[in-house]
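Good morning, everyone, and thank you for making time for this. Please have a look at the sequence and the model as they come up, and then I will walk you through them.

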Amino acid sequence: MQRLLLVGVGLTGRPYAAAARRLGVLVHAVETAERAESLAGEVDDITVCRGGSDELWAEAASAAVRTARPDGVVAFSEPHVLAAALIQDELGLPGPSLRAASLSRNKALQRARFAAAGIGQPGYLVTERLGDVGAWAAEHFPVVVKPLSSAGSAGVELVQDAQAYGETAARRACEGRLLVEQAVTGPEFSWEALVRDGKVWFANLTAKETTGPPYFVETQHRTAVEVDDATRVTVSELGTDVVEAMGMRTGIVHLEFRLTERGPAVMEVAVRTPGDRLMDLLALAYDVDWYEMVVRMALGMELPEPPRGPVRYAASYLPTGNTGVVTAVEGFDSVLAHPCVVDAEVTVGPGDVIAPARSSGERVGQVVLVAEDRAGLESALDYVRRTLVVTTGHGGEVPRHG
């Protein structure tokens, strides 16, 4: 039997293990002690990781390889990418490549690589201290400040003017190296692609909605979005250029960008599982299990014919809440009963405190929807936004992003 090494599992990485087992593959998972116990019965072996850093994931992955040589390796999320790539490189197994993994883990490296490749992106600087580049920022306001390695919008912040920049520089003086970018405007999208041997096997375009400035927390995704022919070509060329510039070989790519008046501008790219239930949305839209496709590619298995297009239309709604103490959650049962709702969750209840949403971890729930046509999906989304209401002690409700 073939053996898959799954570096990191978390909550939404479990379908990798399930797909491997359906394919008759043994699964060796690397996971932290607090999550390892919950994987009993879902994997065949577990190596415990001593912490959450890239270095400790690499240590644990190397220990797992000493236990049994894998036939394929899959990284679950961002902290696992480099550990998996090191094993893939050492054993000559399919994977994104060490170059692509390194770029995935460092947004400043991405900026430098894309600049060299002539790929559209914001103007930027990397700095050890925000105060040192105040003059550059003043010439480019508004600017976006972000960490070099993060996910889920954590640490991403729009700064409008000199006064706000000074306050931000003081508040974030101890963070170390940061990226400062010229803010760009335009509709925001993500491009999800399955790539094998440097060639795109299949790709999808997702339309995003966020809370907007200053933190841009994502609140809605629509997969298989329709665009005009010229935009479709532009997006396809952008994806191809990014794949080539990264040296991407085999695996999944999640590219985020804006369509500006001057063309597409890359926000960031990653070679790992996209969040916000996107893998589920992609499966619903195309009748293809993207988790299984990733496992098949990692193990060198045959792939089916790629989809010709969407068979349904899927979206996720990820509400944020106004600051305050939750006094009521209304409409959840009605939302769950809607025929287009596949899954729904609210993560707060009466008495909980809602802080300002500065990252994806501070949203108050999620709803996954699917419909046979776009009109039906939009109608269902509208129903969910109107019906699911989280009220706080200040009288606030979940913002309804349309």
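Before we turn to any particular strands, let me say what pairing means here: two strands pair if DSSP finds at least two bridges between them. Please also keep in mind throughout that what you see is a predicted model.

With that in hand, we can start with strand E1, which covers residues 3–7 and pairs with E4 in the parallel sense over 4 bridges. If you want one place to find this pairing on the screen, look for Leu-5, which stands opposite Val-73 in E4. Strand E4 itself covers residues 72–75, and its residues point in two directions, with Gly-72 and Val-74 going one way and Val-73 and Ala-75 going the other. Are these four residues of E4 buried or exposed? They are all buried, whichever of the two ways they point.

Let us now move along to another part of the model, where an open sheet of 3 strands has the order E17-E15-E19, and the pairing there is antiparallel. The edge strands of this sheet are E17, at residues 353–354, and E19, at residues 389–392, and each of them pairs on one side only. Strand E15, which runs over residues 324–330, pairs with E19 in the antiparallel sense over 4 bridges. Within that pairing, Val-326 stands opposite Thr-392 in E19, while the bridge partner of Glu-330 in E19 is Val-389. Although E19 is an edge strand, both of its faces are covered, since Val-389 and Thr-391 on one side and Val-390 and Thr-392 on the other are all buried.

Stepping back to the whole protein, we count 13 helices and 19 strands, and the C-alpha trace spans about 60 × 55 × 45 Å along its principal axes. How does the radius of gyration fit with a compact globule of 402 residues? Such a globule would have a value near 21 Å, and the protein has 21 Å, so the two agree.

Of the 402 residues, 55% count as buried, and the protein exposes about 17000 Å², of which carbon and sulfur atoms supply 50%. If we take the contacts between residues at least 6 apart in sequence, 65% of them join residues at least 24 apart. Finally, there are 37 positive and 53 negative charges, and the mean positions of these two groups are 3 Å apart.

That is where I will stop, and I am happy to go back to any of these views.

Methods. Residues are numbered from 1 along each chain as its sequence is written. This is a predicted model: local features need pLDDT of at least 70, side-chain atom pairs count only at pLDDT 80 or more; totals for chains, interfaces and linings use all residues. Side-chain values use heavy atoms; hydrogens and water are left out. The radius of gyration is taken over C-alpha atoms; the globule rule is 2.2 Å times the number of residues to the power 0.38. Buried means under 20% relative accessible area, exposed over 50%, partly exposed in between (1.4 Å probe, protein chains only). Contact means heavy atoms within 4.5 Å. Accessible areas come from the Shrake-Rupley method with a 1.4 Å probe; for residues, only the protein chains shown count as cover. Lys and Arg count as positive and Asp and Glu as negative; His and the chain ends are not counted. The place of a charge is taken as NZ of Lys, CZ of Arg, CG of Asp or CD of Glu.
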